[in-house]
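Me: I have a model open and want to go through its interior, its surface openings and a few individual residues. Can we take it by question and answer?

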Amino acid sequence: MSEQPGDPAGDLHDMTPLSPVGRLAATVDRLSREVRAAQAEAEGRALIELAKGILVARLGCGPAQAARQLAELAEQSQVTPLEFAVDVINQAARDRMSEVTDAFLTATAAVRVAGPEDGTDPEDGTDGAGAGEAVTDSAAVRLRAAESGALAADDTQAVADALLEQALRPLGAVAVAIWAAGYDGSLTLAGSAGFPPAEATRWRYVPPDVATVARRGLTERTGQWITSLSRTGLPSVGRHQYPDGGRVAVPAGTGGRIHGVLEIAWPAPLPPQPPQVVRQVEALAELCAHTLESYTPPHGPGQEPRVIPDAVELMDLADGLHDPALVLVPHLDAAGHLADFRIQHVNKRFLDPAGRPRAVVGGALLLEAYPMAAGDSELFQNVERVYATGEPFRARHMNLTALVDQVPLSAVADISVSRHGNAVLLIWRIEDETARLASLLQHAQRLGRIGGFEENLLTGEITWNAQLFDLYGRPYTSTPVPLEELAAHAHPDDAVTIGRFLRTLLHHRRPASAAFRLRRPDGVTRHVRVVAEPVLDTDDRLLLVRGACQDISAQHWTEVALAATRDQLAHSEQQAIERNRLTLQLQHAIMPPEQTPLKVPDLQVAVRYRPAETEQLVGGDWYDAVMLPNGLVLLCVGDVAGHGIEAATSMVVLRNALRGLAVTGAGPGQLLSWLNIVAHHLTGGITATAVCGLYDPARRTLRWARAGHLPPVLVRDPEAGPLPLVRGMLLGAVAEVTYEEAEVQLAAGDTLLMYTDGLIERRDRPVEEALAQLLSTVRPMPNTLDQHLDRLLTYSRSDTDDDTCLVGIRVG
């Protein structure tokens with residue numbers, strides 16, 4: 001059995017000789033480790049030497065003393081000399097790398113104080129206890145080592161190798177690609193590491209407008225962090241090696257210009273990364289940008305290298321164009337960021353929207369010459385995007401605005417923006433205002449179905465536009481119709497209208513209009529409105545007549561349909577009003593708002609009925625208070641679901657049925673059971689709620705039952721509260737229901753109230769809150785029961801515009 005390096009069996013059979021292939025593989029692996037260790041050692045020495053130089057400059061000592069000082073300070077800080085050297089470099093540099101390291105240090109310190117939820121380190125997942133300093137230092141060392149390796153590299157390929165080995169593999173990445181952006185929007189693979197050589201060769205050049213992961217990072221300019229490459233469907237280098245791996249594409253730019261893209265590949269899906277890792281990647285992309293500034297794309301055998309023109313050559317190109325053009329160069333602020341573009345040159349065909357001479361515009365900043373360019377048209381944003389990405393921009397009919405003497409002047413132009421080297425060529429072609437207005441007028445006439453005409457009354461010459469020929473249904477080669485023959489082409493019933501129009505226009509020489517029915521040669525009749533005005537010469541003689549005809553057929557038939565609809569709606573409204581009036585009369589005839597009080601010894605009985613405020617909401621609320629033959633008093637209120645004639649007629653059925661059933665002498669529970677049968681079987685399946693009570697004047701007791709209704713309210717001395725609930729389903733829901741009864745003993749001075757929900761119901765409050773408001777209203781006891789009920793109706797806070805029934809008794 002042959003042994004392979006790393007085989008567990010090798011630990012048990014150390015004496016077994018390796019095969020020639022195994023021995024060769026072990027040698028290659030050992031040499032690779034030695035090369036990587038040598039590279040890391042060399043980069044570490046370079047960082048230590050740089051730190052020594054900083055200490056020499058700061059302390060004014062020699063190299064040997066600086067080396068001893070570095071070793072002593074590292075020992076006191078309990079870190080390695082390399083980690084302390086990187087700390088010295090960061091403090092002295094104060095650059096992007098040091099900012100990233102400081103941010104990472106702050107985040108790590110916060111984790112050590114607060115403690116991560118899982119107890120692991122934010123970068124490598126190790127136990128956070130005591131590991132924060134090591135992780136922070138290792139991140140700083142990695143970044144500075146990557147920077148050192150990139151600066152020492154002699155080409156972009158070596159930069160890719162340094163970034164992968166020194167900074168990205170510790171983050172779990174397996175490959176990196178550095179793309180150079182061409183002036184035409186293309187992408188060239190300037191360097192890569194971790195991808196197979198054949199794959200890198202296949203992706204050496206990506207033409208403009210081809211959608212890839214790197215292209216998205218170039219155009220979006222915000223960095224693309226893709227969880228899994230397979231979910232995007234975008235092609236990219238190494239897609240077959242890592243189909244489900246994560247990808248990051250970050251633009252690499254300086255001074256407002258993107259020189260390329262840094263693309264990083266992970267072998268597995270990439271979870272969301274902490275901010276400190278994002279900053280590390282952005283810092284590495286900025287490092288790549290400095291490398292790509294001097295990158296020249298290679299050219300194949302027999303091909304001339306692509307020449308990127310400078311601003312001088314671009315000026316010559318602009319002067320040879322037949323369109324107005326400007327040459328723009330970037331204008332950077334003190335921090336090196338893009339702030340504006342300077343108008344380096346304007347060609348001879350350039351036309352300023354404000355009419356200023358070329359000498360005034362040339363040499364000025366773009367936002368100074370056109371301060372409103374960053375407004376609605378987004379001209380400046382598009383120029384900035386083209387300069388950053390290299391992708392050209394074109395737009396038609398863009399609004400250009402110039403501000404002269406604080407007055408905005410506008411123009412419409414076709415725009416073309418392209419980058420050439422480090423300059424931008426802006427071409428605009430301002431539309432002729434007269435031609436544009438004529439085109440707009442032509443479109444307006446076509447959309448409005450308007451045809452224009454002009455008739456010379458001295459020469460008889462008549463001019464029609466194309467829309468008027470179409471309106472008359474006549475070929476363009478036919479002779480236009482004179483105004484005096486207009487009646488011959490109209491409906492005979494419109495002759496008087498046309499005659500009045502012609503007299504006003506030709507005899508009285510005043511503007512006139514008329515609507516008539518035009519009869520076309522094809523037999524179609526169109527409804528037309530004609531408007532015309534006379535044109536007089538210097539001697540006040542009628543010279544011309546100008547006017548327009550508009551096809552208003554669609555408007556005419558719409559008006560006819562609207563008139564018919566209005567008539568139908570008026571008829572339906574009248575029917576609804578009559579129906580509601582009859583319903584209201586029926587309701588008032590059977591249940592008047594006020595009823596003659598009952599004559600019962602030691603008992604006051606009062607009722608109130610308040611109809612809905614809107615006549616269209618005639619409802620099914622009902623009440624009753626009647627003396628029965630057995631000496632008991634029937635008290636009840638109810639509410640039928642719904643509104644209108646159906647609810648009112650159902651209410652009449654239930655009210656009269658309960659009166660008839662009460663004569664039998666049955667208790668309130670039995671009465672509601674029978675009334676449920678009536679509601680379920682004899683009224684078309686309505687539903688209703690009700691409270692039914694039988695008061696015994698001799699015993700001063702009230703037996704009562706409820707069918708889904710609110711319980712009665714008892715007012716005794718200063719207290720008020722609802723009677724305890726008894727079980728009872730609403731009427732009509734099921735065929736047979738048994739209703740529970742309860743009995744309450746009343747005393748002299750007690751007041752009992754039965755009511756429908758129209759008294760308390762509110763749209764924005766629960767029924768419990770509305771009931772509590774009612775109890776606070778009924779506590780004051782007016783002198784008479786009628787005053788008490790009137791007070792409840794007056795201070796009711798109900799807002800549902802529903803009917804309200806109220807029955808009250810007061811024991812003497």
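Reply: Start with a cut-off: buried means under 20% relative accessible area, exposed over 50%, and partly exposed in between. Note too that this is a predicted model.

Me: Is Thr389 buried or exposed?

Reply: Thr389 sits in helix H14, residues 379-389. Its relative accessibility is 1%. The cut-off for burial is under 20%. Thr389 therefore counts as buried.

Me: Which backbone atoms does the side chain of Thr389 reach?

Reply: One partner is an oxygen: a polar atom of the Thr389 side chain lies 2.9 Å from the backbone oxygen of Arg385. The other partner is a nitrogen, at 3.3 Å. That one is the backbone nitrogen of Glu391.

Me: Where is Thr649, and is it buried or partly exposed?

Reply: Thr649 belongs to helix H19. Its relative accessible area is 34%. Partly exposed covers the range between the 20% and 50% cut-offs, so Thr649 is partly exposed.

Me: Which backbone oxygen does the side chain of Thr649 reach?

Reply: The contact spans 2.9 Å. Its backbone end is the oxygen of Glu646.

Me: How far apart in space are Thr649 and Gly620?

Reply: In sequence they are 29 residues apart. In space, C-alpha to C-alpha, the separation is 8.0 Å.

Me: What end-to-end distance does helix H19 show, and what should it span?

Reply: H19 runs over residues 645-662, 18 residues in total. The expected span is 1.5 Å times one less than the number of residues, so H19 should span 26 Å. Its end C-alpha atoms agree with that, at 26 Å.

Me: Which residues of H19 are buried?

Reply: An α-helix has 3.6 residues a turn, so residues three or four places apart point the same way. In H19 the buried set includes Ala647, Ala648, Ser650 and Met651. Also buried are Val652, Leu654, Arg655, Ala657, Leu658, Leu661 and Ala662.

Me: How many cavities of 30 Å³ or more does the structure hold, and what is the volume of the largest?

Reply: Rolling a probe the size of a water molecule over the atoms shows where empty space is left. Here the structure holds two cavities of 30 Å³ or more. The largest has a volume of about 80 Å³.

Me: Which elements each supply at least two residues of the lining of the largest cavity?

Reply: The lining divides into 11 nonpolar residues, no polar and one charged. Among its members are Phe453, Glu455, Ile462, Trp464, Leu468 and Tyr472. The elements that each supply at least two are strand E12 (450-456), strand E13 (462-464) and helix H16 (466-472).

Me: What is the volume of the second largest cavity, and how does its lining divide?

Reply: The volume is about 40 Å³. Tyr472, Arg474, His489, Leu518, Arg519, Arg520 and Pro521 form the lining. They divide into three nonpolar, one polar and three charged.

Me: Which element gives the most to the lining of the largest pocket?

Reply: This pocket has a volume of about 570 Å³. Its lining has 23 residues, with Pro251, Ala252, Gly253, Thr254 and Glu286 nearest the centre. Strand E5 (247-254), strand E6 (257-265) and helix H10 (275-292) each supply at least two. The element that gives the most, with five residues, is E5.

Me: How many residues of the lining of the largest pocket are nonpolar, polar and charged?

Reply: The charged group has five members and the polar group eight. The nonpolar count is 10.

Me: How many disulfides does the structure have, and where is the cysteine sulfur nearest to that of Cys636?

Reply: The search of the whole structure finds zero disulfides. Cys636 is in none; a disulfide needs two cysteine sulfur atoms within 2.5 Å, and the nearest one to Cys636 is 5.8 Å away. That sulfur belongs to Cys692.

Me: Is Cys636 buried or exposed?

Reply: Its relative accessible area is 1%. Burial needs under 20%. So Cys636 is buried.

Me: Where is Asp540, and what is its phi?

Reply: Asp540 lies in the loop between strand E15 (525-536) and strand E16 (542-551). It is partly exposed, at 45% relative accessible area. Its phi is positive although the residue is not glycine, near 65°.

Me: Is Asp602 buried or exposed?

Reply: Asp602 is in the loop between helix H18 (553-590) and strand E17 (603-610). Its phi is positive as well, near 55°. Its relative accessibility is 53%, so Asp602 counts as exposed.

Conventions:
Residues are numbered from 1 along each chain as its sequence is written. This is a predicted model: local features need pLDDT of at least 70, side-chain atom pairs count only at pLDDT 80 or more; totals for chains, interfaces and linings use all residues. Side-chain values use heavy atoms; hydrogens and water are left out. On a 1 Å grid over the protein atoms alone, a cavity is a set of points where a 1.4 Å probe fits but cannot get out, and a pocket is an open set with protein on both sides within 12 Å along at least five of seven lines; lining residues have an atom within 4 Å of a point. Grid points are joined across faces, edges and corners, and a volume is the space filled by probe spheres set on the points. Helices (H or I, at least four residues) and strands (E, at least two) are DSSP runs, numbered from the N terminus. Ala, Val, Leu, Ile, Met, Phe, Trp, Tyr, Cys and Pro count as nonpolar, Asp, Glu, Lys and Arg as charged, and the others, Gly among them, as polar. Buried means under 20% relative accessible area, exposed over 50%, partly exposed in between (1.4 Å probe, protein chains only). A polar contact is a pair of N or O atoms within 3.5 Å; within protein, one must be able to donate a hydrogen and the other to accept it, and residues adjacent in sequence count only if both atoms are side-chain atoms.
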